[in-house]
Amino acid sequence: MSKLASINEFVIKFANVNGSGSASANQMFAKGIFRSGIPVSPKNIFPSNIQGLPTWFEIRASEKGYLGRKAGIDFMVAMNPQSYIQDVAEINPGGYLLYDSSWKREFHREDINIIEVPLTSLCVDEFQNPKTRLLFKNLVYVGALSYLMSIKKDIFIELIEEQFKGKEKLIAPNVQALEMGFNYAKKYLVDACDIKVNQRNLTDGMILTNGNNAGGLGCVYGGATVCAWYPITPSTSLAESYKKYCDQFRVDEKTGKNKFAFVQAEDELASIGMAIGANWNGARAFTATSGPGISLMTEFVGLAYFAEIPVVIFNIQRGGPSTGMPTRTQQSDILSCAYASHGDTKHVMLIPSDPKECFEFAAESFDISDRLQTPVFVLSDLDIGMNDWTCPEFEWDDAREFDRGKVLSKDDLDKMESWGRYLDVDGDGIPFRTLPGTHPEKGAYFTRGSSHDEYARYVEDGEVNARNLSRILKKFEGADKFLPKPIFKQDINASSKGLIYFGSTEAAMQESLDQLSASGFPIDAMRIRSFPFSAEVWDFIDQHESVFLVEQNRDAQMKTLMLSEGNINPEKFISVLCFDGAPITADFISESIIEIMSDKDTSKTAEEII
Amino acid sequence: MTYIVKPINHHPNLEKNALGLTRRDYEGTISTLCAGCGHDSISAAVIEACYDLSLASDQIAKLSGIGCSSKSPSYFLNQAHGFNSVHGRMPSVATGANLGNQDLLYLGVSGDGDTAGIGIGQFMHAARRQLNITYIVENNGTYGLTKGQFSATNDQGSKSKYGEENVLAPIDLAAMAIQLGAGFVGRSFSGDKDQLVPLLKAAMKFKGFSLIDIISPCVTFNNHVGSTKSYDHIREHNESVSSLDFVPIGQEIKTSYKEGSKVDLPLHDGAILTLEKLSKKYNPLDKGLAVQSLNEAEKNGKVLTGLLYINPEIKDHAEILNIADTPLNQFSDKELCPGSNKLAKVNASLN
């Protein structure tokens, strides 16, 4: 039997039953690899259910830093008989299957290595409580893997101690379960596995966290004081992260009172209504939601756009349409956010690609929204939001000040002869706003979503309304200078073919570009990080004969957005679309591109096509 | 021209309040509602109440939804910021505004379509949260701005202007608010300024959710024979349960307490609400009795008005959430941003 052999490059997958406590053990295993100095990307593939259905956890470890999802499993830990058939079929030839051999099985695959560990029997012999037995099974396989893959056992013991800090009684039995698995493997499974982890220092200065945790933290750093939200997967944990960090950093030590408000609203309409109300008063506020919530919020988004009230909306995108695939990932709300609401509306979008950017863009979004007095969407997705990513540590410059935009103080108003809420004084389309309660006689106005003139007075004069709409557009057209610029993979463009991508596709991109280069198709790549698009984006498209647009949706929404916003020949774009709900893989991108390029002109060699 | 500015000149000897302001200083722009609209009387009552209480207009925020009622905040308190939001969603905007700055006085102005129809969910949750707001419903039983459709507060059997009979039972917003835990619930009639002004004053001084459901006839679409929300019908069927006298903080309380007739209720800031009960059976501190009385009145075709229910011990939303006394919109960058040292600790917890 051939055995797959590799060091620090592999994909391991855990097939579990949801509600069995496996996720925390699997996360611990991922962190064990991370603490061994190897970049990892764990991905939780879970059902929209609480208990009893199949759930998977994939971990890719890569010292090359290739952290996109990869199809084909090198090592499968199969803990769920319901999904054995599908799980076993996924294993690469020469790969490994570890299963609970308390009940022996035939798997009918001659080309894989089967590793038997009687997890249940071991736990039944050792632990009395039935629930404990179930939970500890997970740690027993972690212990066995620690031996099989040569990951230092001490790392896991340390992780257990950290996890149960404050509940010290639980440390000993957890360590015991870990040791049981380790010792069983040491005794019976010597040389059973040639996939190994060798200690490196590639994760120094890195953290392992998810985008929602980072986004909630970014809101605290960005000065948000009000979070109004409604539970919806996969955005819920962003709101909860905000609360968690506020509890740490925003409770007044003397009074015990909160320098924040956290409101679970009755629905998404109320969530955004509250966020808009707070921002109207000058308190930075946000809401977090996903596709269906965006649909519900759109009327309010139009109000904030037209009445020019800042508000930050996190959309952690999931599989649509309708209820869709609530626990799977997609980038399919590009258009519903860019043009959310009736009438002529366009919105600023920030598109982070990893947790670090989720932190940074969250904090920046409040400055941008205050500066432009308009809604700002932060478009993350389930893959970034809910999965842990290996990314650089968060950074903060203490000299940084919030940009609260054009807000008039009492003194400002005292010095002014006259003031119009929607008057374009500076020629940038951005008017000056006042906050309620600022001045006893000056600055009060009536905020409204109906047509209004420069002095916020209701008008039905078409010319005045058209003038106002044009001014708002001007504001939008100048917005890109406040937004994150695109990022290029190459220093200088070298190919006639370009590739545009965004968001969580980042994880797969470097690997894909390397694959394409190796196959003789080097491509220039640009990652979009915001909308409206800046000149750099249009220049990149201009500079290339054709441009691949990689998206995780069916309808090529980013392409539609670019075609409607720019003066581009549609023929120039070639879409690469992944919309099965699983994070896009490098193989999918590379194979799609190679196939398209080969199809285009089969008579030419790859070099000639490029 | 859809916006009409009022001339600011006025008689030099007009009476002034403690802030040195006249009633005219509390006015807004000229109303564009129909002549005789009940809503204009309510605007006048709001002006009167704010003048009497010597409130600073700039410390008031007026919020509304959509509809005739929701236009009316333009017609009072020019120096107060206003927010005409989206249909039925004023409560959430007011909730957010209140979280941003709980020091302002929030006046919510809505109608029966805006509150009992499209916005009933938000209304209920604002009451449940004990949002600190004076929530005025200008209730005329009809969708005036879209020309006379029945609203959800329209009584069963009441006839439209075109003779059509309403076949559905009405929603009683006051009874609903009491059941949802609102701390202050009153009902009044736009034509009864003597009752309405003290009720408004008390509501504005109450900390918590105070609803005043004001029957406000629509002269154009719902003021005919056969309508149960016409001026004539309400005058005939109005049954007041209490008469209010509002005594602001610092003034001597002159009312003498007499068993069964008068009750003094202290409000949060020390002001006193003196309540003269017009019915011996009625007790506005008794939630069950209040709901029961409303149900009975409805059965008998009567409209109970006055202060229907009050719970002076309620905590408002900001208190429930344990929000700092300093309004959230007044904290500095330094007070809000934890800084790089704390971020280093967060990083350490994630590697």
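## Helix α3 of chain B, its sheet and its neighbours

In this predicted model, a good place to start is α3(B), which lies across β1 (60-64), β2, β3 (105-111) and β4 (133-139) of chain B. Relative to β3(B), α3(B) runs at about 175 degrees. Elsewhere on the sheet, helix α9 (residues 287-299) of chain B touches β9 and β13 (303-310) of chain B. The direction of α9(B) makes about 170 degrees with that of β13(B).

How buried is α3(B)? Of its 11 residues, 11 are buried, so the helix is largely enclosed by the rest of the structure. Among them are M90(B), V93(B), A97(B) and L99(B). Glycines also appear in that buried set, namely G96(B) and G100(B).

Next to it sits α5(B). Two packed helices are described by the angle between their axes and the distance between the axes. For α3(B) and α5(B) the angle is about 35 degrees, and the axes are 8 Å apart. On one side of this contact are P91(B), S92(B) and T95(B) of α3(B), which meet Q122(B), F123(B), A126(B) and R129(B) of α5(B). By class, the contact has three nonpolar, three polar and one charged residues.

### A sheet shared by two chains

Now for the strands. Nine of them form an open sheet with mixed pairing, in the order β17(A)-β2(B)-β1(B)-β3(B)-β4(B)-β8(B)-β7(B)-β13(B)-β9(B). Which strands stand at the edges? They are β17 of chain A and β9 (238-240) of chain B; each has a single partner strand, so one side of each is left without a neighbour in the sheet. On average, neighbouring strands are turned by 20 degrees against each other, direction ignored.

Strands of a sheet pair through backbone hydrogen bonds, either parallel or antiparallel. Two of the pairings here are set out below.

| Strand pair | Sense | Bridges | A bridge partner pair |
|---|---|---|---|
| β17 (446-448) of chain A and β2(B) | parallel | three | R448(A) and N84(B) |
| β7 (184-189) and β8 (209-215) of chain B | parallel | six | G186(B) and I212(B) |

### Where the chains meet

Beyond the shared sheet, 51 residues of chain B are in contact with 60 residues of chain A. On the chain B side, two or more residues each come from β2 (81-84), α3 (90-100), α5 (120-129), α11 (333-336) and α12 (339-349). Which of these elements gives the most? It is α3(B), with eight residues. By class, this side of chain B has 22 nonpolar, 23 polar and six charged residues.

### Domains and a helix in chain A

Chain A is assigned domain 1 (5-196), domain 2 (209-392) and domain 3 (487-609). The C-alpha centres of domain 2 and domain 3 of chain A lie 28 Å apart, and their contact takes 20 residues from domain 2 and 20 residues from domain 3. The touching side of domain 2 draws at least two residues from each of α11 (334-338), β14 (348-350), β15 (375-381) and α13 (382-386) of chain A. That side divides into 10 nonpolar, six polar and four charged residues.

Finally, consider α16 (residues 506-518) of chain A. At 1.5 Å a residue, its 13 residues should span 18 Å, which agrees with the 19 Å between its end C-alpha atoms. Buried residues of α16(A) include M509(A), L513(A) and L516(A), along with the charged E506(A) and E511(A). Just after α16(A), G520(A) takes a positive phi of about 85 degrees.

Methods. Residues numbered from 1 in each chain as written. Chains lettered and ligands numbered in written order. Predicted model: local features only at pLDDT ≥ 70, side-chain atom pairs only at ≥ 80, totals over all residues. Contact = placed C-beta atoms within 7 Å. Helix = DSSP H or I, 4+ residues; strand = E, 2+ residues; numbered from the N terminus. Pairing = 2+ DSSP bridges. Expected span 1.5 Å × (residues − 1). Buried ≥ 20, exposed ≤ 12 C-beta atoms within 10 Å, placed from the backbone. Axes fitted to C-alpha atoms, helices over the stretch in contact; angles between N-to-C directions. Domains from an automatic or database assignment.
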